[in-house]
Amino acid sequence: MDQNKLSLQGPLCSVPINDHQQIVIGHGAGGNLTHDLIKTVFQKHLGNAILNLGNDAALLSMHAEVPQGMQLVVSTDAHIVSPLFFAGGDIGRLSICGTVNDVSMLGAIPKYMTATFILEEGFLISDLEKILTSMAQACLEADVKIIAADTKVTEKGKSDGIFISTTGFGWVSPKRQISGQNAKPGDLVIVSGPLGNHGIAVAEARGNLGFQSQIRSDVAPLNHMIAGLLESVPEVHVLRDPTRGGLATTLVEIAKQSQVTIKLNEEDILIDQDVRSACDLLGLDPLYMANEGKVIVILPEEFAEKALESLQKHPYGKQARMIGKVESSSEGNLLLKTLLGTTRHLDRLAGEMLPRIC
Amino acid sequence: MTSSRMSAESIQQTKLVLNEVRRITTKAWNIMEICGGQTHAIMEFGLDQLLPEQITLIHGPGCPVCVTSLESIERALSIARQPGVIFTSFGDMLRVPGANNDLFGARANGADVRVVYSPMDAVKLAQSNPEKKVVFFAIGFETTVPSIATSILHAEKNQISNFSILPANVLVPPAMQAILSSPDNQVNAFLAAGHVCAIMGYWEYEAIAKQYKTPIVVTGFEALDLAMGILMTVRQLEQDRFEVENAYPRYVTREGNQTAQAMIRQVFEPVDRQWRGIGTIPKSGLGLRKEYQNFDAVQLFDLPLDDLKESPLCIAGSVLRGIAKPTDCPTFSTLCTPSHPLGAPMVSAEGACSACYHYHGVN
């Protein structure tokens, strides 16, 4: 009899777990879990006066921030790198640097960013914190603030760990005329360092190399280096970061946009020995490998030495070099003078970069 | 590609060797480099621009991706589409068009197609996915065969029964014989592929050189190696000699790597094989021996074959036999580009059409 009696003493319902070690669907539902995740994880790392207000949108007082007559520059980029952590960086650093660099490529000073996080159910919160720490460090280094952010959670298997999309805002004077269409015959081409490190570092992190190397991604915010360059040489015609598709694909784009021919000197292009060996082994061409911390600068010949000097003063531009010249042919070609003195065409990367088999 | 690629000394030596080629050349000669890796390097360094006009380099059928038959690709697609299969392949192969689709397309439609860098990676996948059938697309010349044989022996020893291969490997010597015995042959001499010879040696070529009165020079892949191979070939041609010579002695011996050869013989045996664009060449492929049939995907999967048709516009067959140059094709760089290949030689970086497209010189 007694056994059938219901006891009302003690908790009948189990208490919801609030301190998950992993992302659960509820983190995206907009309730307490979402609130806690924002407060204890996102704001802890990325917080600032504007973000912490917790409004639906960020309010910026333009007059206080931006000198009159300046133009707004906006760029947006989605990041889905696999694996999330690699030698020299991670998806967090990449998501800040990629967008900061894109804004900088118009000669603008990036100031603010927004970030959207797509998290997969089951994603470790400790990994999320590592990524946010890295984003915070990159923001500090680049001197940008995240002023609005959003998080969504997908069911397990519907995304891949974490995707981060960022948008960057900066300002530039209308006098600054930097564009991929501005390469002029007679201009020189400078690149700020050795090529292909990011692509190979990610390939290694994927376990594709089959051996260990010392190659680290070059992922870095270039805005300060570029601001320094433009201060000493405002006459720059083109700035472009050779990310996906590498140096060759980026320069083909510029040659076509500007309707000029760009001629590179193979012997002036710097590639680290480790990157060269990895590329040889895998049948990849470093001129097509991604970079995340390099800039191509195209400018009139008379300013090239001064530009080189300015870049080389900065830690990210120490190994900057002149690698080629812009010539007057409207075909939009990229040519490479080989080590043997012959000349050949370089084209865009076709589809995915595939290793040759032998 | 950079200053570190070639020392100043080897640049100087390459130029000297090519000067010597110019000095001794008196007649027109067609030299075929067998290997796609060599085609790639010749184009990359622009070596063809430094040769005398009388010397024509013909790009041979040595891109394994390009010569893999339509039938094999259709079989690969058919296996990849089946549920419970992880289909693995070297990267190049994913973009080679079959009759209607490629492996990338199959992947986009939900097939589990993965790029591996070694057949052992596929074996590891089989071990870690015991509920799946893992199939490796065994393509390539003699260079890839030892690692494929190793993977079979490893799978056998460790009783990994969910691993199999789709055999499509091909052999160099029968292809050289097929080219030389063709009535429209234009090849006067061969640069033999250094990597293949490192494994197989070059003793097999001696009979071919003698029978067809054709010089064969084992050649490497650096600019200086290629220049030396060309010089030794032209010397023979000008002196009316037809021998097998070795311009790659730092890696190649006459006998080759006998351990690897023994392993190949243990697992594989020569079979007739179809070459894309060329047709069936007797005993030009490797099939699994009877003892290893349980690793043969062709036996393990039900593979219906449709009527297979190549693009009627593509002249890949003539290009692979050295009768036409890629630039002779009306679709070259117009309808057919590396982004939209009509035929296999436009796909792999080693393919003659693709190498021509990417690296064509500037006169």
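Here is a short conversation about a predicted model, its domains, cores and one helix.

Modeller: Residues count from 1 along each chain as its sequence is written, and chains are lettered from A, ligands numbered from 1, in the order in which they are written. In this predicted model, local features need pLDDT of at least 70 and side-chain atom pairs count only at pLDDT 80 or more, while totals for chains, interfaces and linings use all residues.

Biologist: How far apart do the C-alpha centres of domain 2 and domain 3 of chain B lie?

Modeller: Domain bounds come from an automatic or database domain assignment. In chain B, domain 2 covers 66-171 + 257-300 and domain 3 covers 316-359. Their C-alpha centres are separated by 25 Å.

Biologist: Thanks! Which helix gives the largest share of the largest nonpolar core?

Modeller: A nonpolar core is a set of buried Ala, Val, Leu, Ile, Met, Phe, Trp, Tyr and Cys residues joined through C-beta atoms within 7 Å. The largest one has 128 residues, with Ala80(B), Ala192(B) and Ala227(B) having the most contacts inside it. Its largest share, 10 residues, is from chain B's helix 11 (residues 223-238).

Biologist: And how many residues of helix 5 of chain A are buried?

Modeller: Buried means that 20 or more other C-beta atoms, placed from the backbone, lie within 10 Å of a residue's own. Helices (H or I, at least four residues) and strands (E, at least two) are DSSP runs, numbered from the N terminus. The buried residues of this helix, including His198(A) and Glu204(A), pack against strand 2 (85-86) and helix 8 (273-282) of chain A. For helix 5 (residues 197-205), the buried count is 9 of 9.

Key. A residue is buried if 20 or more other C-beta atoms lie within 10 Å of its own, exposed if 12 or fewer, and partly exposed in between; C-beta atoms are placed from the backbone. Two residues are in contact if their C-beta atoms, placed from the backbone, lie within 7 Å.
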